[in-house]
Amino acid sequence: MEFQLTLSAAQTLVTESEYNLGQFLCDSGKVEIAHRDMKPGFSRISAMVLRESVMAELQINRGNISFTSFCSKHPGVQSCEDVAALLIEVTTEEDQGFFVSDSGVDPFAWKRNSKPQWERTLDRLLPAIPDEQLVDEEPLGLILKVVSEPRYGGEDALTLQARPARRGTKSPWIQTGVSWRNVAFDERFSKKQRRAVVELDRLREHVEQSTYRHSWDPKDWISLMDLPGQDLLDAFEALRDAGVQIVNGGSAAKLPVEFSEIPAMAHVDVRRTEQGLRMEGKLRGPREEHHHLLPIGTPPTLLAYASSPLPKAKELGLAQFAEPVTKELAAFIDSGAHIIPDGAIELFETQHLDRLRVMAPLKSEDGSYRIPVPARPSLKLSLESIQTPLTVRYSWEYSSKGPRQHTLEKEIAASVQDKLGELGSLGQLTSSGIFPPKEFSTSESIDFLVHALPLLEEHPDVIIEEQNRLPKYRISDAPATVSVEAGESTGDWFDLSVEVLLGEIKKCRSRCCSKP
């Protein structure tokens with residue numbers, strides 16, 4: 001009969017707190033095996049734990065196993081942290097554990113097989129050197145396909161979907177063995193390619209969190225339609241820079257997706273007809289033969305194009321929009337042409353034309369309608385003077401709620417700086433495209449009000465707004481005359497009078513001073 005004490009069995013011989021302390025002592029290398037005494041039916045291990053003598057003993061008696069222990073620090077106690085440390089040490093040895101047998105055993109076998117204490121301690125504390133497995137990196141691909149889904153009461157809805165892929169033997173790109181769930185840490189592919197591909201799924205999670213306050217596990221295919229437009233554009237640029245192969249899943253040959261250098265065009269065609277003003281949204285691919293088009297992103301920044309129906313097109317391409325458009329453009333195009341009666345054109349131009357400009361660029365393809373030029377912005381200066389210092393704040397003011405004309409704003413800001421010339425600078429434009437506010441000192445306030453403000457008032461694109469009554473300063477050509485008179489007074493005081501004459505303006509001040 002043989003019995004070997006296991007670590008789980010050793011845990012039952014001590015309390016939980018004793019086991020935790022014993023684990024700490026064992027891991028710290030404080031247990032040193034001194035002697036093993038092994039006889040048929042009897043096994044004893046003696047050790048030193050923190051300079052204390054500790055003993056553990058196993059016996060076989062009529063088929064039963066008994067355990068006893070001793071600690072010089074805790075005499076008369078069956079278990080303690082030192083006993084726990086010894087049991088953990090002997091039950092976790094690789095060469096020989098703590099066992100008892102009723103057959104004959106070699107009493108010196110433990111000395112020949114066991115490692116010295118310092119080596120066992122280092123084996124436990126030092127990290128193991130893993131065997132490096134050489135893995136050949138595979139190229140990572142991204143399959144794009146346009147999916148057609150039935151839509152009640154209208155044409156089928158088209159969505160562009162994507163999923164990761166890898167090289168196949170019979171097929172150029174296969175979906176087996178790679179998915180959105182595991183591609184992030186799949187070491188078969190380079191880290192740069194994995195990060196570029198996973199960015200698409202991170203954008204999907206962001207959209208779901210923003211919309212539903214929750215995100216779901218990715219499916220085999222994810223839709224790119226609702227992803228933020230500019231982020232989607234950056235993600236595709238990162239995919240191409242990382243060398244990820246982007247292929248068309250609609251063709252059996254998995255041909256590469258074409259990224260056109262020629263931009264896509266989107267605009268609203270506005271023209272006069274017999275019925276009134278006609279408006280129609282239009283998309284144009286890089287070339288005339290691309291009649292099947294699908295805007296991608298929210299707002300759209302990419303256009304999927306093909307010369308045949310997109311779900312079955314053998315050749316698929318993506319092009320970037322030349323000018324920004326909004327997410328409402330696709331619905332506006334699907335709704336067809338819109339007619340504004342002649343009598344309502346003025347109302348349309350006043351209340352709706354600027355919103356139409358925000359959605360997409362406006363054009364009159366036949367030249368029948370002269371599109372009104374957007375109102376120029378004005379640089380508004382708000383001046384406020386509390387006591388002497390002057391504070392100036394800047395803002396752009398538009399007469400209508402149209403899109404900001406950033407290019408024109410920069411031109412106006414530059415012309416204002418040129419107008420001031422050497423008299424002073426309004427500062428550098430901030431990231432929001434406006435001059436930073438400034439608080440002047442007394443001398444700077446006088447210089448600004450006397451020299452700079454008159455020039456700014458002459459500029460046609462500048463509006464001056466005074467928040468309160470500002471001090472008025474003027475430069476006089478007449479010299480200043482100062483007169484000082486001192487007169488005697490009673491006691492230790494005398495009168496001192498100072499008079500300043502500047503042209504016709506007289507300033508007097510008198511004071512009573514003490515004698516030295």
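**Figure 1. Helix H1 and the contact partner of Gln-11 in space.** Gln-11 is found in helix H1, residues 7-11; helices (H or I, at least four residues) and strands (E, at least two) are DSSP runs numbered from the N terminus. The model is predicted: local features need pLDDT of at least 70 and side-chain atom pairs count only at pLDDT 80 or more, while totals for chains, interfaces and linings use all residues. Residues are numbered from 1 along each chain as its sequence is written, and side-chain values use heavy atoms, with hydrogens and water left out. Gln-11 has a relative accessibility of 37% and counts as partly exposed, where buried means under 20% relative accessible area, exposed over 50%, and partly exposed in between (1.4 Å probe, protein chains only). The C-alpha atoms of Gln-11 and Leu-87 are 8.7 Å apart in space, with the two positions 76 residues apart in sequence numbering.

**Figure 2. Positive phi angles at Leu-50 and Arg-51****.** Leu-50 is found in the loop between strand S3 (42-49) and strand S4 (52-61), and Arg-51 has its place in the loop between S3 and S4. Neither residue is a glycine, yet phi is positive at about 50° for Leu-50 and at about 65° for Arg-51. Leu-50 is partly exposed, with a relative accessible area of 47%. Arg-51, at 80% relative accessibility, counts as exposed.

**Figure 3. A nonpolar surface patch with Leu-126****.** Trp-118, Leu-122, Leu-125 and Leu-126 form the patch, and together they have about 440 Å² of accessible area. Patches are made of residues with over 30% relative accessible area and no salt bridge; like charges are joined within 9 Å, and nonpolar side chains (Val, Leu, Ile, Met, Phe, Trp, Tyr) within 5 Å. Accessible areas come from the Shrake-Rupley method with a 1.4 Å probe, and for residues only the protein chains shown count as cover. Leu-126 lies in the loop between helix H5 (117-125) and strand S7 (140-149). The relative accessible area of Leu-126 is 52%, and the residue is exposed.

**Figure 4. A negative surface patch with Asp-241****.** Asp-231, Asp-234, Glu-237 and Asp-241 form this patch. Lys and Arg count as positive and Asp and Glu as negative, whereas His and the chain ends are not counted. The place of a charge is taken as NZ of Lys, CZ of Arg, CG of Asp or CD of Glu. Asp-241 lies in helix H7, residues 229-241, and is exposed, with a relative accessible area of 54%.

**Figure 5. The salt bridge of Arg-287 with Glu-258****.** A salt bridge is a side-chain nitrogen of Lys or Arg within 4 Å of a carboxyl oxygen of Asp or Glu. The side chains of Arg-287 and Glu-258 meet at 3.5 Å, N to O. Arg-287 lies in the loop between strand S14 (277-284) and strand S15 (292-296) and Glu-258 lies in strand S12 (residues 258-259), so the pair ties together parts that are 29 residues apart in sequence. Arg-287 counts as partly exposed at 33% relative accessibility, and Glu-258 is partly exposed with a relative accessible area of 34%.

**Figure 6. Further salt bridges****.** By the rule given for Figure 5, the count comes to 23 salt bridges. Glu-205 pairs with Arg-204, the closest N and O atoms being 3.8 Å apart. In this pair Arg-204 is buried, with a relative accessible area of 8%, whereas Glu-205 counts as partly exposed at 33% relative accessibility. Arg-393 and Glu-384 meet through their side chains at 3.5 Å, N to O. Arg-393 is partly exposed, with a relative accessible area of 45%, and Glu-384 counts as partly exposed at 28% relative accessibility. A network of salt bridges links Asp-269, Arg-271, Lys-282, Arg-284 and Glu-365.

**Figure 7. The cis peptide bond before Pro-299****.** The bond from Thr-298 to Pro-299 is cis, with omega near -5°. Pro-299 lies in the loop between S15 and strand S16 (302-306).

**Figure 8. The surroundings of Ser-378 in strand S20****.** Strand S20 spans residues 378-385 and holds Ser-378, which is buried, with a relative accessible area of 16%. Ser-378 touches Ser-395, Trp-396, Glu-397, Asp-461 and Ile-463, not counting residues up to four places away in sequence; contact means heavy atoms within 4.5 Å. In the protein, residues 24 or more positions apart account for 55% of the contacts with a separation of 6 or more. Buried residues make up 38% of the 516 residues. The protein has twelve helices and 26 strands.
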